[in-house]
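Let's take a walk through this one together. Have the sequence and the model open side by side, and follow along chain by chain.

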Amino acid sequence: MALIELRDINKTYNNGQPLHVLKGINLDIERGEFVSIMGASGSGKSTLLNILGILDNYDTGTYHLAGKLIKDLSESQAADYRNRMIGFIFQSFNLIGFKTAVENVELPLFYQGVPRKKRHEMAMEYLEKLGLTQWAKHFPNEMSGGQRQRVAIARALITKPEIILADEPTGALDSKTSVEVMQLLKQLNKEEGITIIVVTHESGVANETNKIIHIKDGIIGQIEENESHSAWDGTMMK
Amino acid sequence: MRDLLNEIWNSVRNNKLRTALTGFAVSWGIFLLICLLGAGNGIINAFQGSSDRFVTNSMDIMGGRTSLPANGYKEGRWINLDKGDLDIIKGKEFQGKVDKVAPVTSGVSDKMALGVKTVSTSMRGVTPQYLEIEKIQMDKGRFINPLDVDQRRKVVVLSTKHERELDRNLVGKWVSMQGISFRVIGIYHSDESDWRTSAYIPYSTMKGIFKPGEEIDDIYITFNGVSNLDENLELESTISSRLKAHHEAHPDDPNAIWIWNRYTQNAEISQGQRLISIGMWILGILTLISGIVGVSNIMLISVKERTHEFGIRKAIGAKPGKILSLIIAESVSITAFFGYVGMGIGMLACEIMDKTLGQRSMNLGFDTIKMMDNPTVGLDVALEATLLLIVAGTLAGLIPAWKAAKVKPIEALRAE
């Protein structure tokens, strides 16, 4: 069984006019894959990501994550699954402004009930891995965009999740830092075997991943194998 | 626990203005409540102090001036109490009801001299029963005794005020009033009111020297076995009509005989105290409600401001209960801390009130009472009020906290 198994997922928003956003999504993602979901805005890629991240629910179909059926969960259950199985990387970093880098990284472990000392040690370990040791005591607004995103990545990694979901991870970064962040994700996938799903509308970002899933008008279109990273001319566009 | 405190400290430190505003609302509410209750207690205590000066089951009976013609007399006749009245009150009819009876004759105000020092005072001729009826506290020496009355001794009981003005050690010394020397046998305690500054001499001495004749100015009585207001009023009217009959006044004349009934007066004072107390609590509770609304308002704003933060927390695995308890713990810590600050300041203000208004007296014409007596609140009331505010603040914070816990993570993340 695949790590992620989506079967005929449908989602309709009912804000005045009913809006059928996802029209029967079928998708398998295996453990250790590095894939991107590409689509224009309004294509349903963000909704799909929210469902994958258990931030939103779906109307019909089934979603299995690591063999568990993710459906009709209570808020607490959903929070627990998110905490243990999913690491998030957001476009706007979503760090808590009044907490230092190390406190931000510790937070998922706090919600797991890990003791303070252990938590702190692990957070420092991950910050070291991402080359941020000397920034541990700094607040997010004292760091550059790239550094903030690396703190966010450390926070996503600390619970050793099944998958990393990255929503436009380079959207708020300049092109040089974007390359660095993508290289980092690539390296994490290659060396640690972490499953990573990147949602983007930039073909340059998508080209860095090993598989590109195109989504259009709420259905999966073409799925490109991209092991050679040659879907486009190989450079990231900005 | 330490993590929770840390979280609270972090958010307090990073939201100084909000914390200060919440804190101010809470402190102010508690401060006003404590001040109001303190002032209320002060006024109540002052009234209490004034009625404590008398035995409440007592009456002061005086003669008046008739307002109705009767038995061939015209109206406007002065009624003087006499020995006949004393006999009626002490007689069979009132036996078992009337307990102690004390006739009093007042003398004119005049100078009292000790050597070259003089002080102006009034004189009252009294019997030993007067001590108990009027709750006189002896500081030194003794009060008038039956022997003094029998032998018409020239002895006098003076007040601490006299003592202050004349001599530290008055007991045993001789003072002169209207040219006659009296030996001081005792000093009684005079309070701040001007009510008691009389010089008390034996009733018989007063009659024999200064006020010969049958006339009695006041008859003080205490009564027994009169347990409720109705029985008391009945006793009062029976005495009144018997004395009116004795003086041949019209039975319905309201002015012939004056009776100052301390029992009914006390009942009225108690009623007044109850009303003041209820009024203060109503005002206090209204103030508290405004404090509560303030807290809940600021908590709502706080929660709205932090929606995005809660979204992040939820996305990385915070359960709704964790968010709920975080907000409530924060609101409880803030309200408790500032509640106690307000309580402390309030109690301080009460102490200041005690030192200023508490020392001032108010002249009511017939009596002088302190404006406030001990205008403070018991620690129990203060703690209860603070506890109430914390509970209410928590309840007020519960709705915003519930809202924050309920909001979906994607919606919360979208909020900025």
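Two residues are taken to be in contact if their C-beta atoms, placed from the backbone, lie within 7 Å. With that in hand, look at chain B: of its contacts between residues at least 6 apart in sequence, 80% join residues at least 24 apart. For chain A, residues 24 or more positions apart account for 69% of the contacts with a separation of 6 or more. Keep in mind throughout that this is a predicted model.

How confident is the predictor? For the complex, it gives an ipTM of 0.91 and a pTM of 0.68. Chain B has a mean pLDDT of 81, with 93% of its residues at 70 or more. Within chain B, the low point is strand S14 (residues 368-370), with a mean of 61, and the high point is helix H10 (residues 307-315), at 91.

Now for the inventory. Chain A has 7 helices and 10 strands, and 46% of its 238 residues are buried. Chain B carries 13 helices and 14 strands, and 38% of its 416 residues count as buried.

Let's start in chain A, with a sheet. Four strands make an open sheet in the order S2-S1-S4-S5 (chain A), and the pairing is antiparallel. Strand S2 (17-29) and strand S5 (68-69) of chain A are at the edges with a single partner strand each, so each has one side without a neighbour in the sheet. As a reminder, strands of a sheet pair through backbone hydrogen bonds, either parallel or antiparallel. Strand S1 (residues 4-15) of chain A and S2(A) are joined by 10 bridges in the antiparallel sense. To find your place in the model, look for Asn15(A), which stands opposite Gln17(A) in S2(A).

Two loop residues in chain A deserve a stop. Most residues other than glycine have a negative phi. Ile54(A) is not a glycine, yet its phi is positive, about 55°. You'll find Ile54(A) in the loop between helix H1 (45-52) and strand S4 (60-65) of chain A. Is Ile54(A) buried or exposed? The cut-off for buried is 20 or more other C-beta atoms within 10 Å. Ile54(A) has 22 C-beta neighbours inside 10 Å, so it counts as buried. Asn94(A) also isn't a glycine and has a positive phi, of about 50°. Asn94(A) sits in the loop between strand S6 (86-89) and H3 of chain A. Asn94(A) is buried because 22 other C-beta atoms lie within 10 Å.

Next, the place where the chains meet. The contact takes 20 residues from chain A and 18 residues from chain B. On the chain A side, the elements that give two or more residues are helix H2 (75-85) and helix H3 (101-112) of chain A. H2(A) has the largest share of that side, 6 residues. By class, the side of chain A that touches chain B has 9 nonpolar, 4 polar and 7 charged residues.

Crossing over to chain B, come back to H10(B), the element with the highest confidence in that chain. This helix is mostly covered, with 7 of its 9 residues buried. Among them are Phe310(B), Ile312(B) and Ala315(B), along with the charged residues Glu309(B), Arg313(B) and Lys314(B). What do the buried residues of H10(B) pack against? Their neighbours are H2 and S6 of chain A, together with helix H11 (320-355), H12 and helix H13 (409-414) of chain B. After H10(B) comes Gly317(B), with a positive phi near 115°.

One of those neighbours, H12(B), is worth tracing end to end. At 1.5 Å a residue, the 28 residues of helix H12 (residues 379-406) of chain B should span 40 Å, and the end C-alpha atoms are indeed 40 Å apart. There is still a kink of about 30° in H12(B), at Leu398(B), shortly before the proline Pro400(B).

Last, some strands of chain B. Strand S3 (residues 110-114) and strand S4 (residues 117-121) of chain B run antiparallel, joined by 5 bridges. Leu114(B) stands opposite Lys117(B) in S4(B). The hairpin of S3(B) and S4(B) has 2 residues between the strands, and Gly115(B) takes a positive phi near 60° there. S3(B) also pairs antiparallel with strand S8 (residues 174-177) of chain B, through 2 bridges. Here Met112(B) stands opposite Met177(B) in S8(B).

Terms used. Residues numbered from 1 in each chain as written. Chains lettered and ligands numbered in written order. Predicted model: local features only at pLDDT ≥ 70, side-chain atom pairs only at ≥ 80, totals over all residues. Expected span 1.5 Å × (residues − 1). Bend = angle between axes of the 7 residues up to and from the residue. Pairing = 2+ DSSP bridges. Buried ≥ 20, exposed ≤ 12 C-beta atoms within 10 Å, placed from the backbone. pLDDT = per-residue confidence, 0-100.
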